[in-house]
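The following exercises are to be worked through with the sequence and the three-dimensional model at hand. Each task is followed by a solution in steps.

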Amino acid sequence: MMTEILKLAAFSDGDQGGNPAGVWIGATLPDDASMQRIAAEVGFSETAFAAQQADGSFRVRYFSPLAEVPFCGHATIALGAALAAREGDGIFDLQLNQARITVEGHAQGKLVSAALQSPPTHSQPVSDALLQEALQLFGYGHEQLDPRIPPAAINGGAGHLVLALNSRAALKAMHYDQAAGRELMVREGWATIVLVYAETEQFFHTRNPFAFGGVYEDPATGAATAALAGYLRDIGWPHGGVIDILQGEDMGSPSRLRAEISAQPGSSIRVSGMARYL
């Protein structure tokens, strides 16, 4: 049984950047309190805990330093890399709290390429009052929004709010009060708030406040990328079947994520990237 905590950066830009995640793989999952304690000790935005089941799949749960989350994309990518190192290249079935998904990993020298298939996606509009509250959190005004991508509550395994901005400068200037952000995210069930700027129809810059989990900002967020891709499909965005995202640049931790979007509304999104060991 492997019980050490592996540390990987998921969605890295080659041998730099990415979002650190902890990975625990053992025969049976620890109890909830132990997983929460371990995640807090690791201190990364998420740690994935995995145990192989009788059917060969892996039961997976995700914990931030403050709370369990239903799905975490970058920790899933890190898990796929760790499973590929342990089991060999392949596709692995994962049983989450609320969905069954897959992740694949393929060694490429010191790096590992990995891809996940997200849970189903869905989205819905937000009220004017809730939008105003979110804008006030960041000090944004309606004039800074991109009307092509209306604000919405989006989901690809976890809930998020998406706010599309009409300039890279507005995205770079992001700031907010973390305690107020956590109160809003916990109340509304949002794992993160996705701030996005569309440089082109297929290339986006994003930032992801993660106050829900006790983290000011994530440098790479696979779950939010899946949710965003599903939302772009919902609104008929001309994505051409794939979008690329650069995240973490303003944190000094550039991360690259790719989302492949099938035509079927609500269907799983494939999110891929590289992972490196820390």
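**Exercise 1. A histidine in a loop**

Which backbone nitrogen lies 2.7 Å from a polar atom of the side chain of His239? Establish also the setting of this residue in the predicted model.

*Solution.*

Step 1. The backbone nitrogen in question belongs to Gly241, and the distance of 2.7 Å is taken to a polar atom of the His239 side chain.

Step 2. His239 is found in the loop that runs between helix H6 (222-234) and strand E15.

Step 3. The relative accessible area of His239 is 13%. Because buried means under 20%, His239 is classed as buried.

Step 4. When residues up to four places away in sequence are set aside, His239 touches Glu201, Gln202, Arg233 and Ile261.

Step 5. For a contrasting pair, take Gly214: 25 residues along the chain separate Gly214 from His239, and their C-alpha atoms are 33 Å apart.

**Exercise 2. The hairpin of E13 and E14**

Describe how strands E13 and E14 are joined, and identify the residue with a positive phi in their hairpin.

*Solution.*

Step 1. Strand E13 comprises residues 203-210 and strand E14 residues 215-218; the two run antiparallel and are joined by two bridges.

Step 2. Across this pairing, Asn208 stands opposite Asp218 of E14.

Step 3. Four residues lie between the strands of the hairpin, and Gly214 takes a positive phi near 85 degrees.

**Exercise 3. The faces of helix H1**

Which residues of helix H1 are buried, and against which strands do they pack?

*Solution.*

Step 1. In helix H1 (residues 32-42), the buried residues are Ser34, Met35, Ile38, Ala39 and Val42.

Step 2. These residues cover an arc of only 135 degrees around the axis, and therefore lie on the same side of H1.

Step 3. An α-helix has 3.6 residues a turn, so residues three or four places apart point the same way.

Step 4. The other side of H1 carries Ala33 and Glu41, which are exposed.

Step 5. The packing partners of the buried residues are E1, E2, strand E3 (47-52) and strand E4 (58-63).

Step 6. The ends of the helix complete the description. At the N-terminal end, Asp31 acts as a cap, with a side-chain oxygen 3.1 Å from the backbone nitrogen of Ala33. Just after H1, Gly43 takes a positive phi of about 85 degrees.

**Exercise 4. Salt bridges and their exposure**

How many salt bridges does the structure hold? Examine three of the pairs and the accessibility of their partners.

*Solution.*

Step 1. The structure holds 17 salt bridges.

Step 2. Arg61 and Glu68 meet through their side chains at 2.9 Å, N to O. Arg61 is buried, at 14% relative accessible area, whereas Glu68 is partly exposed, at 26%.

Step 3. Arg86 and Glu87 also form a salt bridge, with an N to O distance of 2.9 Å. Here Arg86 is partly exposed at 37%, and Glu87 is partly exposed at 41%.

Step 4. In the pair Asp244 and Arg258, the closest N and O atoms are 2.8 Å apart. This pair links distant parts of the chain, since Asp244 belongs to strand E15 (residues 242-247) and Arg258 to strand E16 (residues 255-260), 14 residues apart. Asp244 is partly exposed, with 23% relative accessibility, and Arg258 is partly exposed, with 37%.

Step 5. Through shared partners, salt bridges join Arg168, Lys172, Arg207, Glu217, Glu249 and Asp250 into one network.

**Exercise 5. The nonpolar cores**

Which residues have the most contacts inside the largest nonpolar core, and which element gives the most to it?

*Solution.*

Step 1. The largest nonpolar core has 86 residues, and those with the most contacts inside it are Tyr62, Leu94, Phe138, Leu163, Ile193 and Phe204.

Step 2. Helix H6 gives the most to this core, with eight residues.

Step 3. Leu163 serves as an illustration: beyond four places in sequence, its contacts include Leu131, Leu135, Phe138, Pro151 and Ile193.

Step 4. Another core lies apart from the largest one; it has eight residues, among them Val42, Phe44, Phe49 and Phe63.

**Exercise 6. A buried glycine**

Is Gly18 buried or exposed, and where is its place in the chain?

*Solution.*

Step 1. Gly18 has its place in the loop between strand E1 (5-12) and strand E2 (19-26).

Step 2. Gly18 counts as buried, with 3% relative accessibility.

Step 3. Leaving aside neighbours within four places in sequence, the contacts of Gly18 include Ala9, Phe11, Pro219 and Ser253.

Step 4. The C-alpha atoms of Gly18 and Gly252 are separated by 9.9 Å, although the two residues are 234 residues apart along the chain.

Notes. Residues are numbered from 1 along each chain as its sequence is written. This is a predicted model: local features need pLDDT of at least 70, side-chain atom pairs count only at pLDDT 80 or more; totals for chains, interfaces and linings use all residues. Side-chain values use heavy atoms; hydrogens and water are left out. Two strands pair if DSSP finds at least two bridges between them. A salt bridge is a side-chain nitrogen of Lys or Arg within 4 Å of a carboxyl oxygen of Asp or Glu. Buried means under 20% relative accessible area, exposed over 50%, partly exposed in between (1.4 Å probe, protein chains only). Contact means heavy atoms within 4.5 Å. A polar contact is a pair of N or O atoms within 3.5 Å; within protein, one must be able to donate a hydrogen and the other to accept it, and residues adjacent in sequence count only if both atoms are side-chain atoms. A nonpolar core is a set of buried Ala, Val, Leu, Ile, Met, Phe, Trp, Tyr and Cys residues joined through side-chain atoms within 4.5 Å. The arc is that of the directions from the helix axis to the C-beta atoms.
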